Number of protein chains: 2
Amino acid sequence: MSDLVVGPECLPEIEFWFEFGSNYSYLSVMRIEEEARKHNVQFVWKPFLLGPILQSFGAHPFKQEQKGAYVHSDMARLCRKYGLSPWVKPSVFPRLGVLPLRVVLLASDQPWMAAFCRKVMELNFVHDQDINQPGSIAPILIELGLPAEDILNQAQSEPVKAGLRTQTEMARDKGIFGAPTFFVGNEMFWGNDRLDDALLFASEQKM
Amino acid sequence: MSDLVVGPECLPEIEFWFEFGSNYSYLSVMRIEEEARKHNVQFVWKPFLLGPILQSFGAHPFKQEQKGAYVHSDMARLCRKYGLSPWVKPSVFPRLGVLPLRVVLLASDQPWMAAFCRKVMELNFVHDQDINQPGSIAPILIELGLPAEDILNQAQSEPVKAGLRTQTEMARDKGIFGAPTFFVGNEMFWGNDRLDDALLFASEQKM
């Protein structure tokens, strides 16, 4: 007897390093579940904090005014291209999303993770609302039928807080300088613009 | 009697703002002639100097070491993807290409312009050679059957020198902060990564 069902543990993996404050991460979060199915790959959720990494370079996103203006017209076009809700420029940018990143770290292998991340991203980039308070995140968890209070308590425990700091150090050690960043093995792909190339590269890998 | 031949003056236009020192401009230069044919659009060559614009922002390309390292692996992959010669990291980066940019400004509407730009880019990014001396540029013009000495003399005349400075000011006024940048009317597309979107946008424009 042979097992013809290929379990997800057998699919090529793409690490998805992202952060909820990042607008180009938003685009990828909204796309990857469907892309994973189409390309027969699986994504591994790797939340990290981009702020400390950029600060260590002395860089700041969109410090340069003209680039910042361009990014908003680029986002408007890309939202149309991907069939997302019309682009809303967040009134706070970049928004801190430490709390939901801790939830992702705590439960990165859970089947509800893609849906959770999409809803957090929509809170920031469609509804222009705070994403860093238990009062913002609990309704999302409840809507997904999850024990919100338990999850938020665990997400704010010391080991998870330390874990996110460690994962941010790992991101820096891997050479990450922006979000989203994809890894297929040691091959790094920076930006939503390279998601298609990362998918192609992953699906060509021998298992 | 009707004229069924659509002249190039009737095709939708894409302004192509570029500079010979820019590696992502290299990719676009190598692609655009074929893309223009495929999409039935025409490119308008817009040479400018990126250096003064970046300096006015206090920015420098690849100042950030990890991003610089990534860009080279990205270029290697993209050269493979577009079927170009294997990527060679230039020993001088970014190379000054003021002289050939002046040639482009002088003769931007000439039919040999696409071939000239490809050869200058290959000198920089395939053969890793200086592109800013008459001794580098004359052989390219001669190979194209052109009066090299005349062209180089004109390119180094005061009006053309001033013209390139003026065009660089225009680039800054248009909100350009990197190269390549494409314009379809007022719609700006930054980077070789947006060439496909610019082509699509241009070919959807009513003439």
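## Two helices in chain B

Helices α2(B) and α8(B) sit oblique to each other, because an angle of about 45° is neither under 35 degrees nor within 65 to 115. This is a predicted model. In it, α2 covers residues 50-57 of chain B and α8 covers residues 158-173, and their axes are 9 Å apart. The crossing of α2(B) past α8(B) is right-handed.

Who does the touching? On the α2(B) side, it's Pro52(B), Ile53(B) and Ser56(B), and they meet Thr168(B), Ala171(B) and Arg172(B) of α8(B). Sorted by class, that contact comes out as three nonpolar residues, two polar and one charged.

## Helix α3 in chain A

Over in chain A, helix α3 takes in residues 65-81. How far apart are its end C-alpha atoms? They're 25 Å apart, and that agrees with the 24 Å you'd expect for 17 residues at 1.5 Å a residue. Just after the helix comes Gly83(A), with a positive phi, near 70°.

Plenty to look at inside, too: the buried residues of α3(A) include Gly68(A), Tyr70(A), Val71(A), His72(A) and Asp74(A). Further along, Met75(A), Arg77(A), Leu78(A) and Cys79(A) are buried as well. The cover over these buried residues comes partly from α1 (23-39) of chain A, and chain B chips in with β4 (187-190) and α9 (195-203).

## Lys81(A)

Lys81(A) belongs to helix α3 of chain A. Its relative accessibility is 49%, so Lys81(A) counts as partly exposed. Look back 17 residues along the chain and you reach Gln64(A), whose C-alpha atom is 26 Å from that of Lys81(A).

Definitions and conventions: Residues are numbered from 1 along each chain as its sequence is written. Chains are lettered from A and ligands numbered from 1 in the order in which they are written. This is a predicted model: local features need pLDDT of at least 70, side-chain atom pairs count only at pLDDT 80 or more; totals for chains, interfaces and linings use all residues. Side-chain values use heavy atoms; hydrogens and water are left out. Helices (H or I, at least four residues) and strands (E, at least two) are DSSP runs, numbered from the N terminus. The expected span of a helix is 1.5 Å times one less than its number of residues. Buried means under 20% relative accessible area, exposed over 50%, partly exposed in between (1.4 Å probe, protein chains only). Contact means heavy atoms within 4.5 Å. Axes are lines fitted to C-alpha atoms, for helices over the stretch in contact, and angles run from 0 to 180 degrees between N-to-C directions. Angles under 35 degrees count as roughly parallel, over 145 as roughly antiparallel, 65 to 115 as roughly perpendicular and the rest as oblique. A crossing is left-handed if the near helix is turned anticlockwise from the far one by less than a right angle, and right-handed if clockwise. Ala, Val, Leu, Ile, Met, Phe, Trp, Tyr, Cys and Pro count as nonpolar, Asp, Glu, Lys and Arg as charged, and the others, Gly among them, as polar.
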